[in-house]
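Visitor: I would like to go through this protein with you, one question at a time. Could you show me what we have to work with?

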Amino acid sequence: MKKTILLLAAIGMSTASFAQKDEIKAANKALKSGDAAAVLSALDGAASTIDNAEAKYVNQFYFLQGEAYAIQAKAGDFSAYDKAVAAYTKAMESETASGKTKYTADIKQKFAVMTSEIVNAAVSDNNEEKYKDAAEKLFLSYSLSPQDTIYLYYAASSAVNGNEYELSLKYYNMLKDINYDGSEEKFSARNIETGEREEMPKSQRDLMVKSGAYDEPKDERTPSKFNEIIKNIALIYTQLGEDDKAMSAYVEAREVNPNDVGLILNQANLYFKQGEKEKFKSLMNEATELDPTNPDLFYNIGVINMEQGNPAEARTAYQKAIDLSPTYINAYLNLSTSFVNEGNALIDEMNKLGSSKKDIARYDELKAEKQAFFKKAAEALESGLAANDNNTDLLSQLKNIYGALGDNVNYMRVKKLLEE
């Protein structure tokens, strides 16, 4: 009885093998005519049993399947690229396991061609602002050619451009995990005729210098992109509302590059968002020590000091911003506002005073202080106008201040400038 069962099983396996052979033969014939649908249709008949077939049939089955999907991909069905890659990969894995290498070299060459096709398609997508499509294509290019990590970097960048933050986060975290550096060696020389510095391959550059047409050869390495990647991870976490993860990313990034002013500012802004005003101010001060000629840093320090009720410190910061950038309109406006706010703060006390001789004297004293603050506010704006010819924002605030001062002459002068 056992012999009969074994014989029947053997006959069944033999029948299946013949069927697979016929179906693969039909698929191969269809492939020669370029009919991808017919190839896949023929292979469908063998799909359920192929993994139990002889190695040579398994290898050929997946190779033919990859070929069919590759034809469909070239015809415009981008989703077929994924299927082609999966089938080709199975063919190579099967060949490795069986010790046969009939298709492996061919498949690797096809992967190189496919990578080029997909990258070109991604470039077109980026030009047409179809950023998500471009990102997915570039990621597939990286999957086909893992040594070309720059495709993964570009995939992340395209995803960011398309506001596909979760997708870009996935790619950036992959870049972080492989410690992507992304720095490049650049070779250049000065064109003696034009005086312009030109980049070119090193061998060409060296030849041009020897020819006498170029001089001043220079070899430079571009900065590592790793810090940028960590920074972008933090920014994306912030965008997604995951502030704790963002802060952890900033801490990690600053361990790598503690003197990156951009990182300090981003971390400071996150502290500001979380209401950590003192930490914000501390980091801003640290940033100004590293970049003492940046007016925006001092302006932001002024803003936070004003919010925290430190008008004198705010004014010092605004004035520093103005010294560094004499046309900084917002610094002039905020400098002026700091004086107006202090003047207005006296109004409550003035309104609470009675009609006694002492109260009247105190009222007059407070009124004089208030007027003095408003005059300083006007002076700040007049200085701003001297550097920014008839700026309407400065003029509008100045008109209101002269109106509050009761200075009709200057009020009419500024009003006329606004109307011109």
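**The sheet, the cores and a helix**

Guide: In this predicted model, a good place to begin is a residue pair across two strands, where Arg190 stands opposite Arg197 in strand 2.

Visitor: Which residues does Ser188 stand opposite in strand 2 and have as its bridge partner in strand 3?
Guide: Strand 1 (residues 185–191) is joined to strand 2 by three bridges, and the two run antiparallel, while six bridges, also antiparallel, join strand 1 to strand 3. Opposite Ser188 in strand 2 stands Glu199, and in strand 3 the bridge partner of Ser188 is Lys218.

Visitor: Which strands stand at the edges of the sheet?
Guide: The sheet is open, has three strands with antiparallel pairing, and follows the order 2-1-3. Each edge strand has a single partner strand, so one side of each is left without a neighbour in the sheet. The strands at the edges are therefore strand 2 (197–199) and strand 3 (214–221).

Visitor: What is the average twist from one strand to the next?
Guide: For this open sheet of three strands, ordered 2-1-3, the twist from one strand to the next averages 30°.

Visitor: Which residue takes a positive phi in the hairpin of strand 1 and strand 2?
Guide: This hairpin has five residues between the strands. The positive phi is near 80°, and the residue that takes it is Gly195.

Visitor: At about what angle to strand 3 does helix 9 run?
Guide: Helix 9 (residues 202–211) lies across both strand 1 and strand 3. With respect to strand 3, helix 9 runs at about 155°.

Visitor: Which helix gives the largest share of the largest nonpolar core?
Guide: That core has 45 residues, and those with the most contacts inside it are Tyr171, Tyr172, Leu175 and Ile233. The largest share of this core amounts to seven residues, and it comes from helix 10 (residues 226–239). Apart from this core lies another, of 36 residues, with Ala36, Leu43, Ala91 and Leu144 among them. The helix you asked for is helix 10.

Visitor: Which residues is Leu175 in contact with, leaving aside its neighbours within four places in sequence?
Guide: Leu175 is one of the residues with the most contacts inside the largest nonpolar core. Once those sequence neighbours are left aside, its contacts are Thr149, Leu152, Tyr153, Ala156, Tyr180 and Ile229.

Visitor: Why are the buried residues of helix 11 said to be on the same side?
Guide: The buried residues of helix 11 (residues 243–256) are Asp243, Ala246, Met247, Ala249, Tyr250, Ala253 and Arg254. They pack against helix 10, helix 12 (261–273) and helix 13 (277–290), whereas the face turned away from the buried side carries the exposed residues Asp244 and Glu255. The buried residues are placed on the same side because they cover an arc around the axis of only 160°.

Visitor: How far apart are the end C-alpha atoms of helix 11?
Guide: At 1.5 Å a residue, the 14 residues of helix 11 should span 20 Å. The distance between the end C-alpha atoms agrees with this expectation, at 20 Å.

Visitor: Is Glu67 buried or exposed?
Guide: Glu67 lies in helix 3 (residues 55–74) and, not counting residues up to four places away in sequence, touches Leu31, Tyr88 and Lys110. Its relative accessible area is 14%, and because the cut-off for burial is under 20%, Glu67 counts as buried.

Visitor: Is Asn52 buried or exposed?
Guide: Asn52 lies in the loop between helix 2 (36–47) and helix 3. Its relative accessibility is 72%, and because the cut-off for exposure is over 50%, Asn52 counts as exposed.

How values were computed
Residues numbered from 1 in each chain as written. Predicted model: local features only at pLDDT ≥ 70, side-chain atom pairs only at ≥ 80, totals over all residues. Heavy atoms only, no water. Core = buried A, V, L, I, M, F, W, Y, C linked by side-chain atoms within 4.5 Å. Buried < 20%, exposed > 50% of the residue type's maximum accessible area, 1.4 Å probe, protein only. Helix = DSSP H or I, 4+ residues; strand = E, 2+ residues; numbered from the N terminus. Contact = heavy atoms within 4.5 Å. Pairing = 2+ DSSP bridges. Axes fitted to C-alpha atoms, helices over the stretch in contact; angles between N-to-C directions. Expected span 1.5 Å × (residues − 1). Arc of directions from axis to C-beta.
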